[in-house]
Amino acid sequence: LFLELSFQTAHGPLQVPKWYEDKYCSHIPVHGNPYGNESDRRVKCGMIAAMDEAVGNVTQALQARGMDRDSLILFFSDNGGPIHKAGSNWPLRGAKTTLWEGGTRSPTFLWSPSLLQTSGQTYSEMIHVIDWFPTLVEAAGGKPSDVPTID
């Protein structure tokens, strides 16, 4: 099974069912937030909570069907967050569309209960999303050199 989920949750428009804000985001101050519009930050927090729940639903479904043992989950982002849309890249300087670390660095992780030879490693060098292609082809049992040219 190949399953790709491209969540647009962290992008605009900023909207989420209110109960996500109420349940997960009450810690965000309503007044005096130095990082921008407080209501937008609460909505953004709720959006991320909704995405977290959706990822949990997928992993639980894989586990319930015994498919998690052969699963490889890659979670990544293409850039830092837009600070003008309730994002925060703190403590990094910059934002989406900038060349500072806040615009180019984003968290990524690869998870599998059985397919990784090592775990708990951190890689601090530059990587681009297309760099995952050879890794994923090999994880699926293929050879990157056998894949036809992709345009």
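The following paragraphs lead through a predicted model of one protein chain, from its confidence to its local contacts.

Because the model is predicted, local features are reported at pLDDT of at least 70 and side-chain atom pairs at pLDDT 80 or more, while totals for chains, interfaces and linings use all residues. Residues are numbered from 1 along each chain as its sequence is written, and side-chain values use heavy atoms, with hydrogens and water left out. The mean pLDDT (the predictor's confidence in each residue, from 0 to 100) of the protein chain is 85, and 93% of its residues reach 70 or more. Among the elements of the chain, helix 1 has the highest mean pLDDT, 93, and helix 4 the lowest, 86. Helices and strands here are DSSP runs numbered from the N terminus, with H or I over at least four residues for a helix and E over at least two for a strand.

The segment before helix 1 contains Pro-13, which is joined to Gly-12 by a cis peptide bond with omega of about 5°. Helix 1 itself covers residues 18-24 and holds Tyr-20 and Tyr-24, which are four residues apart and therefore separated by about one helical turn. Aromatic pairs are rings of Phe, Tyr and Trp (its six-membered ring) with centres within 6.5 Å; planes under 30 degrees apart count as stacked, over 60 as edge-to-face and the rest as tilted. By this rule there are three aromatic pairs. The rings of Tyr-20 and Tyr-24 have centres 6.4 Å apart and planes at 20°, so this pair is stacked. Accessibility is given in three classes: buried is under 20% relative accessible area, exposed is over 50%, and partly exposed lies in between (1.4 Å probe, protein chains only). Tyr-20 is buried at 9%, whereas Tyr-24 is partly exposed at 35%. Together with Trp-19, these two tyrosines form one aromatic cluster.

Helix 1 also carries a salt bridge, meaning a side-chain nitrogen of Lys or Arg within 4 Å of a carboxyl oxygen of Asp or Glu. The structure holds two of these. In one of them, Asp-22 pairs with Lys-18, and the closest N and O atoms are 3.0 Å apart. Asp-22 and Lys-18 are separated by about one helical turn because they stand four residues apart in helix 1. Asp-22 is partly exposed, at 43% relative accessibility. The other bridge joins Glu-101 and Arg-105 at 3.4 Å, N to O. Both of its partners are partly exposed, Glu-101 at 42% and Arg-105 at 47%.

Tyr-20 also belongs to the largest nonpolar core, whose five residues are Val-16, Tyr-20, Val-43, Met-47 and Ala-49. Such a core is a set of buried Ala, Val, Leu, Ile, Met, Phe, Trp, Tyr and Cys residues joined through side-chain atoms within 4.5 Å. Its largest share, three residues, comes from helix 2 (residues 38-64). In soluble globular proteins, nonpolar side chains tend to be buried together.

A further stacked pair brings together distant parts of the chain. Phe-75 and Phe-109 lie 5.3 Å apart, centre to centre, with 10° between the planes. Phe-75 is in strand 1 (residues 73-75) and Phe-109 in strand 2 (residues 109-111), 34 residues apart. Phe-75 is partly exposed at 31%, and so is Phe-109 at 45%.

The loop between strand 1 and helix 3 includes Pro-91, which follows Trp-90 through a cis peptide bond with omega of about 15°. Ala-86 is found in that loop too and has a positive phi of about 70° although it is not a glycine; Ala-86 is buried at 7%. Thr-97, in the same loop, likewise has a positive phi, near 80°, but is exposed at 76%. Gly-102 is found in helix 3 (residues 101-104) and is buried at 0%.

Beyond strand 2, Ser-112 lies in the loop leading to helix 4 (132-139) and is buried at 11%. A polar atom of the Ser-112 side chain lies 3.3 Å from the backbone nitrogen of Ser-114 and 2.9 Å from that of Leu-115. Ser-112 also touches Arg-69, Ser-71 and Leu-72, leaving aside residues up to four places away in sequence; contact means heavy atoms within 4.5 Å.

How values were computed: A polar contact is a pair of N or O atoms within 3.5 Å; within protein, one must be able to donate a hydrogen and the other to accept it, and residues adjacent in sequence count only if both atoms are side-chain atoms.
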